[in-house]
Amino acid sequence: MSIIQATSPDRLPGGDEESFVTTNKTVWQRLLTNPTAMTSVVMLVVLGLSAILAPVLAPGNPLKVSPADRFIAPGAEHFFGTDNLGRDMFDMVLHGGRTSLFVGLVVTVISMSIAVALGAISGFYRHVDVVLMRLVDGLMAFPGIVLATAAAGILGPSMTTVITALSIVLIAPSLRIVRGQVLVVRELQMIEAARSVGVPTLRLFTRYILPAVSSPILVQASFIFSAAVLGEAGLSFIGVGIGPKELSWGNALTEARNYIAQAPWIVLFPGLALMLTILALNLLGDSLRDILDPRLARRR
Amino acid sequence: MTSEPMLAVSGLSKSFKAVKAVRDVTFSIPRGKTFGLVGESGSGKSTTARLVLRLVEPTDGTIRFRGRDLAGLSPGDLRRERRHMQMIFQDPFGSLNPRMSIRDTLTEPQLVHGIGSPAEHLRTAERLLAEISMPRTALDRYPHEFSGGQRQRIAIARALSTNPELIVADEPVSALDVSVQAQVLNLLRDLQDKHGTTMLFISHDLRVVQFMCDEIAVMYLGEIVEQGPREHIYGAPAHPYTQALLASAPGKGAGKRARLKGEIPSAHAVPSGCAFRTRCPSAFERCAIEKPLMRDIGNGQKAACHLLDEAKAA
Amino acid sequence: MTAHIASLPADRASPALDTRIVLEVEGLSLSLRNADGLLPIVTDVSFAIRQGEAVALVGESGCGKSITASAIMGIAPDNAEIGGTITLNGQAISGLSPRARRKLCGRHMGFIFQEPMTALHPTLSIGRQMTDTLRHNLGLSHAEATSRAAQLLDRVGIPRARDILKGYVHELSGGMRQRVMIALAISCGPSLVIADEPTTALDVTIQAQVLDLLDDMRRELDLAMLFITHDLEVVGDFCDRAVVMYAGDVVERGLSADIVRSPAHPYARGLIDAVPDHDDGRTRLTPILGTVPPVGQWPPGCRFAPRCNRVDAQCRTRPALELHGSTEARCWHPLEPSA
Amino acid sequence: MLRYLGKRFLLILPTIFVPLILVFLLLRLSPGDPAGMMLGDQATAEQIAALRSQLGLDQPIWIQFLLWLKGIVTLDLGNSIFFREPVMQIIPRYAGVTILLTLVALTLAVIIGITLGLVTAMNRNKPIDRGVVTTAVLGISLPEFWFALLLIFIFAVTLRWFPVAGYNPPSAGIVAFGATIFLPALALGVRQSALMTRMMRSSMLDVLNEPYITTARAQGLPESTVIGRYAMRTAAMPVVTVAGLSAGYMLGGAVAIEIIFALPGLGRMLVEAVGRRDYPLVEGGVLTISLVLAVLNLAIDVIYAILDPRIRYQ
């Protein structure tokens, strides 16, 4: 312990009465100077803009069939080529992104809000915690996609079903993380110090605990976002997702796989878009973790 | 000296499941005096500190503070009472909220207790900074910008911000380097002299306790084994444990002295009779059977040991 | 160089003058390479330890005492650049390859850490950790290593040694853990034992037991011991000589009795005055003002100058470690020796 | 040890029952009459009523729950509506493929993860480390089903090293079995192996900073022993923990993989049963997956207890 850490420069006490320890860069400065974080942010902005602007960039119904134009290889006319029904893959990828990102965003907001509320309660009340954690155990071990498949089968494929199923499934891991963080923070001496000062419980929570757990929540949210995007695509791919009348990257791949030998591009592009989205979100989560938790960052 | 002590603790006990962490602790602190609790790990001194402030709920006993029994207060009354009793913690890195500026840290106690206006809060914060010899510019800085000693001074300023009558200091200097320790100890004593605050001071360091305290209680395995004025505890310790503790402290030359044998027993399995008998160099049969009672040995000194009876009988 | 050190007046009074020098450190410096370049951590540290002698490396956290020890052991961080020479039993070891250095560990140098709880493996049995060392370093068989391990535990005062060998570190009390650590450090018969704050984490009564044990082992095995600590009172009790470090520098060196009684360097004086005195009532302590400058922000010249009450213009240049009275100090304005 | 395993077993029960109860509630509480939905538009009122009473749907919900619970405990899940034979006879025909697929993929993932994690940690910040770390981020972002399609395109369609789809059971010979299981297992395992690589790497880097590693080096043990015995033993533990979760994800991912490679497994069966509204079979599939996971997690707990003596005492 003492050999390396006692002398490592960042742990030395420093400054005296008038000169304080020179502070490190702020979180924002670190975010802006972190190449990985900036790459992921740029990727996400491009993906988000292309989803928002899809109706402008690719006007008309992307699902419109045009049998004469089947299996055109990627080129100047059709950037990503056309599929077995002559639909333009570029248009489909753009519009599909709207679904993916929308589902991802909504699922993240819903599951993270519930996880934070339940996690806070669970971290503070032992008896609630016991029950809740057994439920979480049950949900965590079981494959979410199987549960979502069963749910989608029973409730019928639709965007609401997908969002509901994924939200329920993704609450469990987030809840466990939030609760774990609350338990750690609750034991910090600053909480005991605040109690000894006479800070009321609600203020204790909003001023002391929530700010302390906000970083892991933010990191977790980006991972949940990526899990939701992947989950939606997976459900749609096996046919229990948003249903065939809507466009999603997962949907687009369902049929494409039958034509993989003739037209590999119709498999390539929706999958690539999906992977880049997930990659960007994972990179964002990784770099946020590095930036917000310097203890872990030093390891990279 | 007023007749009523600032704090009078009686029969204070705490069990965590099967572990009796604190057993039947009784002491009182006169107004303006410093009372020291000294002991090794597992002695229950830190738990006692938290019991006194009811940060941990006592299993048994009374805590009379400012004329009321704290143990019987409702949560709301207790919270309001906290403005009169503050705590200083061991870890200067953990006891401050890293997301709150020093301004917020120092005004928070006044704010939650509704003392004065925002302008007055700020004036108090500035005055406190002056008292701990820190410039006003510290107000808008955050805890991570300070060194350990500086943070501990800020924690002291926070504890003083509601003008409390009692301060409980739990190992306030044991996380600090020696040279910084001296700064903080001096500060604590100066402030106490200035404000007349009563203090309960907890430490494992005999030198620090001797420097800080008027009266001292020595704890072993959840109990007070000896208590009395500083000069008597250090000058003429009566309990074998106190004697051994003093003999074990470094700084007396390398000559071989009687050392305590064995280790501190686990709080799960406190020995029968006298808890210290397993390590006591002069234990005899009675110590295993009968629990020694605290007995007065004059000069305000008290100790719980059968040897004192034997000596008297002899 | 040996001759130079041996001729120091401080050594003349050393109780172990007639024995051979086990460890000699000469002009040791250590810098850490990071993104911004080289960060000096320790500069120009020199001292020697004779057989049967305990030398203390004293200082507050961040003074570089622990990393000095790691440089001697050859286990400094990978990004460390080390200068100077280290001689062990007459062999210059600072130039050896990492592999050759590793071979010296255990066999010729033993190490005792501050926190035995974390310094012993959590999921390997005590016996396994001891026999691994014994078998590798001494080439013992499993049975030989096990019985030797039991003897060692016995020797450091652990009852029921055979049972403890099967146990794990979390099952032991703090004092017992440190005894195991000591047994491990001396297991392969080293001539030098380096103890890094070996009793700081322990309770007072246990600390006394462990210090006694270390003292016994040193005498019985005629060990050279490097004792790293922040506690000058422990130094006075248990060490023959002391090296006081401040901000990566040796500021004072000499017999520990002399340093504790009458230090020449204002920093050493400050450390002693900062500790509450036993036979004193309500007087004020004399703290050292300010705080240790962080690594990389050391002032030029005397590094203690910004906190020193004897400072003047001369202190802007770096003083040398010179003899003042009975001890050597790195100071332009050393304190007069007290009677 | 036995007490610990008993405790772990109790903790695993929710893993079995929570998903089942969720499916039970979804089935019973979702809008519309399950019996009507199962039989389709052409069914007569009598047929629906008959099925309702056969499934117990005419009973109050808590009776239904008890009946359902009894069915699960006695492993009598009724007849599949589509196959018209007991669910417990159908399941084994599909379960084997899925379990084999998951085990092969898990083994691949653990071997790749531990090896690459070790290599990167030992070569921190060198080109190989940076390369693998970058690849691992890509791997984690790779959707299994899309990767499966890429694998088919490259290795089956273009290079013709493996069949595009289909399944040979192990009884057909290890080569024939391997040819049909390798690509699916690779597709299923790649994300988890990337996750495990990262986990192993960071866990190893943590452990290498532990004081007990310094002790092992300071004792003169050769680096191969320090890494292979002292560091690996603790560094592998998070990977073992993660393996349980990975198995869960893999059983989920198997659904799409089985469809793509036309493997007659549980996942495909489940999706088809959902499509046919064959609810007894859906419940049977969910129960089977739960049980497989429970057994796997218990096995992991045993490994964990062997690796870490501390938890046996908890």
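C:R33 sits in the in-between zone of solvent exposure: with a relative accessible area of 44%, it counts as partly exposed. In this predicted model, the side chain of C:R33 pairs up with that of C:E81 in a salt bridge, with N and O 3.0 Å apart. C:E81 is partly exposed too, at 35% relative accessibility. The two partners come from distant parts of the chain, 48 residues apart: C:R33 belongs to strand 1 (residues 21-34) of chain C, and C:E81 to strand 4 (residues 80-88) of chain C. The general idea is simple enough: side chains of opposite charge can pair when their charged atoms come close.

Chain C has other pairs of this kind. C:E220 and C:R155 form a salt bridge whose closest N and O atoms are 2.6 Å apart. Here helix 10 (residues 204-221) of chain C supplies C:E220, while helix 7 (residues 142-155) of chain C supplies C:R155, and the two positions lie 65 residues apart in the count along the chain. C:R155 is partly exposed, its relative accessible area being 41%. A further salt bridge joins C:E328 to C:R253, with 3.0 Å between the closest N and O atoms. C:E328 is in strand 12 (residues 327-330) of chain C and C:R253 in strand 10 (residues 249-255) of chain C, so this pair ties together parts that are 75 residues apart in sequence. Both C:E328 and C:R253 are buried. Over in chain B, salt bridges with shared partners hook B:R31, B:R66, B:R68, B:E81 and B:E165 into one network. Over all chains, the salt bridges number 58.

As for annotation, an unreviewed UniProt entry places "domain: ABC transporter" on residues 23-272 of chain C. That stretch is 42% helix and 28% strand, and its end C-alpha atoms are 28 Å apart.

Chain A brings in the helices. The unreviewed UniProt entry lists several stretches of chain A under "transmembrane region", among them residues 101-125 and 145-171. Residues 101-125 of chain A are 96% helix and 0% strand, with 36 Å between the end C-alpha atoms. Residues 145-171 of chain A are 89% helix and 0% strand, but here the end C-alpha atoms are 14 Å apart.

Helix 5 (residues 89-124) of chain A packs against helix 6 (residues 126-141) of chain A at an angle of about 125°, their axes 6 Å apart. These two helices are therefore oblique to each other. On the helix 5 side, A:L118, A:I121, A:S122 and A:F124 make the contact, meeting A:R126, A:V128, A:D129, A:L132 and A:M133 of helix 6. Sorted by class, this contact has 6 nonpolar, 1 polar and 2 charged residues.

Definitions and conventions
Residues numbered from 1 in each chain as written. Chains lettered and ligands numbered in written order. Predicted model: local features only at pLDDT ≥ 70, side-chain atom pairs only at ≥ 80, totals over all residues. Heavy atoms only, no water. UniProt positions renumbered as here; feature names shortened; annotations may be inferred. Helix = DSSP H or I, 4+ residues; strand = E, 2+ residues; numbered from the N terminus. Axes fitted to C-alpha atoms, helices over the stretch in contact; angles between N-to-C directions. Parallel < 35°, antiparallel > 145°, perpendicular 65-115°, else oblique. Contact = heavy atoms within 4.5 Å. Nonpolar A, V, L, I, M, F, W, Y, C, P; charged D, E, K, R; others polar. Salt bridge = Lys/Arg side-chain N within 4 Å of Asp/Glu carboxyl O. Buried < 20%, exposed > 50% of the residue type's maximum accessible area, 1.4 Å probe, protein only.
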